[in-house]
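I sat down with this one to look up its empty spaces, its ligand and its sheet. Here are my notes, in the order I made them.

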Amino acid sequence: MGLVKIRVEGVSKVFGRDPAGALAKVRSGMDKTRLKDETDHVLGLHDIDLSIRTGEIFVIMGLSGSGKSTLIRHFNRLIEPTGGRILFDGDDILAYDAARLQTFRRRKVAMVFQRFALLPHKTVIENVAYGLTLDGVAKPEAFRRAGEQIALVGLTGFETSYPAQLSGGMQQRVGLARALATDAEVLLMDEAFSALDPLIRHDMQMQLKELQGRLGKTIVFITHDLDEALLLGDHIAILKDGTLRQVGTGSEILAAPADDYVARFVRDVNRGRILLCGAFADAGLIAAADAPVIAADATLESTFAAFAGGAAALAVRDWDGRIAGALTPRRVMEALARI
Ligand SMILES: Nc1ncnc2c1ncn2[C@@H]1O[C@H](COP(=O)(O)OP(=O)(O)OP(=O)(O)O)[C@@H](O)[C@H]1O
Ligand SMILES: [Mg+2]
């Protein structure tokens, strides 16, 4: 995958009266609990390093209070770090003055908030068109584009309703439509789907993937839901108590959890649907000449039918067309059973 869009370098965030002093204590070994008990400061993030690539969906996961919202809010400087740097297309956004920051927020990033943050005295269509009109798009054009996004999130007919007249899930969809209506290169989505019911949620997940594929937007997506993370994420970052425990593809994280915490986190996932054949092919084994061939990026689950049909081994074909090795039923079972 392509260039780095957002680079986070050694970012730490402490909430309280003397963040720098408290961060020094953290650096000399004090943990989040003691910092809170002894100094009444909250460690939001500690020494986060990561890169988000252009055009990917990057998922941030972690339990409540692990620092997900704090991290994503650094990306448009709603929160300023206590230490570290944030680069956007290689530019240090912390160096932006007020005017530059305003342009950056309007043009480059759009945020869908965890709580809906709609303008209560504006109608649905006015809310969705708001960013466009701020940007100088003429009202008829802004309303036309807003109408398209409203249709996309399934709210046609509610254009002239006010937020208070909508359910929570509907308000969330208005927030999403508003972010989609802008031309922002990066969408920041903080639990954007959590208030949706399962069917609409699944539709929205599919639409988001389709949109990202079609428009090449970079999307940073926070969720509590592991299945959602695995479905959407090109890469997934797992946070715990403000520290980054692991970043990788879903398949990488499942195949090799960085620590016990991550292992417990992913324990109940259907591994067959996530793990990929390429990661488990035995390079030292050659399948029979007439063995079925499977792609390296096919899931382990997709081998079941061939094995049920009696194949002793499958030849795994790499991205470049070469045969990378063979997969036996035993090897697949071991991967599924975490042996
Ligand atoms: N403005 C603030 N002042 C003090 N502490 C804060 C502030 N904002 C966040 N925190 C603390 O920072 C930590 C991380 O909070 P954050 O909101 O980032 O968590 P989260 O992972 O988004 O959780 P959730 O899943 O519940 O939304 C928590 O311990 C929280 O109490
Ligand atoms: Mg949050």
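**Entry 1: the largest cavity**

I began with the largest cavity and asked which helix gives the largest share of its lining. The helix is H8, with six residues. This is a predicted model, so I keep that in mind for every entry below. H8 runs over 198–215, and H7 also supplies at least two residues of this lining.

I then wrote down the lining by name: Leu152, Leu176, Leu180, Met204, Gln207, Leu208, Glu210, Leu211 and Arg214. By class, I have six nonpolar residues, one polar and two charged. The space inside comes to about 60 Å³.

**Entry 2: the other cavity**

How many cavities of 30 Å³ or more does the structure hold? My lookup gave two. The second largest cavity has about 30 Å³ of space.

Its lining consists of Leu226, Leu230, Ile236, Ile238, Gly250, Ile253, Leu254 and Val266. H9, strand S9 (235–240) and H10 are the elements that give two or more residues here. H10 provides the largest share, which is three residues. I sorted this lining by class and found seven nonpolar, one polar and no charged residues.

**Entry 3: the second largest pocket**

I stayed with H9 and H10 for this entry. Helix H9 (226–232) and helix H10 (250–255) each put at least two residues into the lining of the second largest pocket. Which of the elements has the largest share of that lining? I noted H9, with three residues.

The pocket offers about 270 Å³ of space. I listed Lys209, Leu230, Leu231, Leu232, Gly233, Asp234, Thr249, Gly250, Ser251, Ile274 and Leu276 around it. Five of the lining residues are nonpolar, four are polar and two are charged.

I went back over the names and marked two residues that I had already written down. Leu230 and Gly250 line the second largest pocket, and Leu230 and Gly250 also line the second largest cavity.

**Entry 4: the largest pocket**

Next I looked up the largest pocket, which holds about 610 Å³ of space. How many residues line it, and which lie nearest its centre? I got 23 lining residues, with Arg105, Arg106, Val109, Ala110 and Met111 nearest the centre.

Four elements are on my list for this lining, each with at least two residues: helix H4 (98–107), strand S6 (109–112), helix H5 (124–134) and helix H7 (168–181). H7 was familiar to me from the first entry, where H7 supplies at least two residues of the lining of the largest cavity. By class, the pocket lining has 12 nonpolar, five polar and six charged residues.

**Entry 5: ligand 1**

Then I turned to the ligand. I found 15 residues around ligand 1, and the closest are Ser64, Gly65, Lys68, Ser69 and Thr70.

I checked the polar side-chain atoms of three of these against the oxygen atoms of the ligand. For Ser64, an N or O atom of the side chain is 2.5 Å from a ligand oxygen. For Lys68, a polar side-chain atom lies 2.7 Å from an oxygen of ligand 1. For Thr70, the distance between a side-chain N or O atom and a ligand oxygen is 2.5 Å.

How much of ligand 1 does the protein bury? Taken alone, ligand 1 exposes 640 Å², and the protein buries 64% of that. Strand S2 (42–53) and helix H3 (68–74) are the elements that give two or more residues to the shell. H3 gives the most, with three residues. I counted the shell by class too: three nonpolar, nine polar and three charged residues.

**Entry 6: the sheet with S2**

S2 came up in the ligand shell, so to speak, and I followed S2 into its sheet. The sheet is open, has four strands in the order S2-S1-S4-S5, and pairs them antiparallel. Which strands are at the edges? S2 and strand S5 (91–92) are, and each pairs on one side only.

As my last lookup I took the pair at the S5 end. Strand S4 (residues 83–88) pairs with S5 in the antiparallel sense over two bridges. Leu87 is the residue that stands opposite Asp92 in S5.

Methods:
Residues are numbered from 1 along each chain as its sequence is written. Chains are lettered from A and ligands numbered from 1 in the order in which they are written. This is a predicted model: local features need pLDDT of at least 70, side-chain atom pairs count only at pLDDT 80 or more; totals for chains, interfaces and linings use all residues. Side-chain values use heavy atoms; hydrogens and water are left out. A residue is near a molecule or strand if one of its heavy atoms lies within 4 Å of it. A polar contact is a pair of N or O atoms within 3.5 Å; within protein, one must be able to donate a hydrogen and the other to accept it, and residues adjacent in sequence count only if both atoms are side-chain atoms. Accessible areas come from the Shrake-Rupley method with a 1.4 Å probe; for residues, only the protein chains shown count as cover. Ala, Val, Leu, Ile, Met, Phe, Trp, Tyr, Cys and Pro count as nonpolar, Asp, Glu, Lys and Arg as charged, and the others, Gly among them, as polar. On a 1 Å grid over the protein atoms alone, a cavity is a set of points where a 1.4 Å probe fits but cannot get out, and a pocket is an open set with protein on both sides within 12 Å along at least five of seven lines; lining residues have an atom within 4 Å of a point. Grid points are joined across faces, edges and corners, and a volume is the space filled by probe spheres set on the points. Two strands pair if DSSP finds at least two bridges between them.
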